Amino acid sequence: MRAMRLLSGAADDASLAHDVAAVGVADAVVVMMDSSGRELTRVRDASVPPGVPPQPDQVIRNLTRPALQRALYAALPPGTVVCGAAFAAAKPLPDGRVEVRFEAAAGEAPPEAAVVDVLVGADGIRSSVRSQLEKMGAPPRRPVYSGYRYYRGLVDLEKLGGADAWVASLGGTNNRIIYGASETCMLYQVSPTHASFARYCPAPEGSSRGVSPAEAKQHLMELCKGYPYPAPQMAEALEGGAIHLGELWSMPPSEEVWGAGCITLAGDAAHAVLPTLGQGAGQGVEDAVTLAITLHRAAASKAAAASGGGGAANAACRLSPAEVEAALRQYEAERGPHVQRVYHFSTSAFRSGVGESWLGRLRRNWQYRLMPAWLMKKATAWLTECTFAWDEAPPAAAAVAATA
Ligand SMILES: Cc1cc2nc3c(=O)[nH]c(=O)nc-3n(C[C@H](O)[C@H](O)[C@H](O)COP(=O)(O)OP(=O)(O)OC[C@H]3O[C@@H](n4cnc5c(N)ncnc54)[C@H](O)[C@@H]3O)c2cc1C
């Protein structure tokens, strides 16, 4: 939701947030239950009265990754995104810019190296750009295995009688989080026709490799046996080949800035969280928008200084490598405390959610049953609050200018 708020400011007419919202499904009420089917709590967005269509940034929107990518690609000028070349290595040049080399496809010559003003490694939890930064002297950071594997897939709701019937069977809601013993099951509608289904269970590291689609389907069916509706039915509706099986890893954010020179990181490459709070992709979007705003402010501040402070704050202005570097460190310093907090909150929510001990499950269930929804909302409000805007006065204009 915080990411949606940021996207709302990314275009004058707020079209980007509307475009993203249009391809997703609103989740105004989240229903949590235990594995016996007893409802523990439901969290409603009280600010949206029932029956009133919510604004894009008022409620959680569920959407698939390809749908998000398509909406974001469509907002970019044609030719902005070039696919098909994997990052291989980067080298800072004496003038501060960065030379980037790419991997050669099998049997082909490597693509030509590129010299860039900024390199943003958004290449996931096993980031090659992060490895490159480590070779350049950054402290090494390693992903941490949670001890859990996931099964997940997209269920065609036609197989469950159609989306309307499915929503009606869930009492007019379109999601469930089901807490078991050392297990969690999550299902939520992500498009007019499909729902996402995910199941976490303990597994030794490495044991998820080499599992055939048929075995994955069988495991999933066994895991969901005895679970409340619609978990077993959704497991049954998934084809074996459509089940993604993997391990849940996280990566703690650095306490310091995480880049060097004109190289930085964004998304899981910088900080990968466990998925309980559904914050991973949103943090990546927040990173990207924060980075864009920080660079924009640095350029606006330079333009304003060049024109004597009068009226040219939005004029195009090219930053020097030193100014780019200062803006990147500012972005990392700004994001660091927030992603640290999200990381620790997601980790503790994951541990208490899966309920590894009898006492832990008792505490979890009673906590959800007794905690008033308003208190739960209040405790998590910081995840969705956002006051960052493109047109704010640059708070650190002096610092940016001083590095010029
Ligand atoms: C089971 C599960 C459930 C989840 N549920 C949610 C959820 O409900 N909500 C949520 O917000 N998040 C969720 N997440 C987390 C979310 O998937 C990640 O946080 C998000 O995908 C991170 O995005 P990213 O772009 O940083 O990295 P990635 O999605 O990992 O993308 C990295 C990209 O970089 C590319 N790449 C890698 N190496 C190179 C290279 N050398 N050169 C060029 N390209 C390269 C990859 O091909 C990939 O396309 C979940 C994760 C899991 C495992």
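Okay, to start: which domains does the shell around the ligand draw at least three residues from? Domain 1, which covers 2-74 + 144-250, and domain 2, which covers 87-142 + 252-402, each give at least that many. Before I go on, please keep in mind that this is a predicted model.

So, the ligand. There are 19 residues around the ligand, and the ones that come nearest are Arg 65, Phe 87, Asp 268, Gly 280 and Ala 281. If you sort the shell by residue type, you get eight nonpolar, seven polar and four charged residues. What about secondary structure? Strand 9, residues 144-156, and helix 8, residues 280-306, each supply at least two residues of the shell. Helix 8 gives the most, with three residues.

Now let's look at some polar atoms. In the side chain of Arg 65, an N or O atom sits 2.3 Å from an oxygen atom of the ligand. The backbone joins in too: a polar backbone atom of Gly 278 is 3.2 Å from a ligand oxygen, and for Gly 280 a backbone N or O atom lies 3.4 Å from an oxygen of the ligand. How much of the ligand does the protein cover? On its own the ligand has 990 Å² of accessible area, and the protein covers 63% of that.

Okay, next topic: a sheet. Find Phe 87 again, one of the residues that come nearest to the ligand. Strand 5 spans residues 87-92, and this strand belongs to an open sheet of three strands, in the order 5-6-7, with antiparallel pairing. Why do strand 5 and strand 7 each have one side without a neighbour in the sheet? Strand 5 and strand 7, the latter being residues 114-116, stand at the edges with a single partner strand each, so one side of each is left free of a neighbour in the sheet. From one strand to the next, the twist averages 25°.

Let's walk through the pairs. Strand 5 and strand 6, residues 98-102, are antiparallel over five bridges. You can trace this yourselves: Pro 92 stands opposite Val 98, and Ala 89 has Arg 101 as its bridge partner. These two strands form a hairpin with five residues between them, and in the turn Gly 96 has a positive phi of about 100°.

On to the other pair: strand 6 and strand 7 also run antiparallel, joined by three bridges. Here Glu 99 stands opposite Val 115 in strand 7. One last thing to think about while you look at the strands: in a regular strand, side chains alternate between the two faces of the sheet.

Definitions and conventions. Residues are numbered from 1 along each chain as its sequence is written. This is a predicted model: local features need pLDDT of at least 70, side-chain atom pairs count only at pLDDT 80 or more; totals for chains, interfaces and linings use all residues. Side-chain values use heavy atoms; hydrogens and water are left out. A residue is near a molecule or strand if one of its heavy atoms lies within 4 Å of it. A polar contact is a pair of N or O atoms within 3.5 Å; within protein, one must be able to donate a hydrogen and the other to accept it, and residues adjacent in sequence count only if both atoms are side-chain atoms. Accessible areas come from the Shrake-Rupley method with a 1.4 Å probe; for residues, only the protein chains shown count as cover. Helices (H or I, at least four residues) and strands (E, at least two) are DSSP runs, numbered from the N terminus. Ala, Val, Leu, Ile, Met, Phe, Trp, Tyr, Cys and Pro count as nonpolar, Asp, Glu, Lys and Arg as charged, and the others, Gly among them, as polar. Domain bounds come from an automatic or database domain assignment. Two strands pair if DSSP finds at least two bridges between them. Axes are lines fitted to C-alpha atoms, for helices over the stretch in contact, and angles run from 0 to 180 degrees between N-to-C directions.
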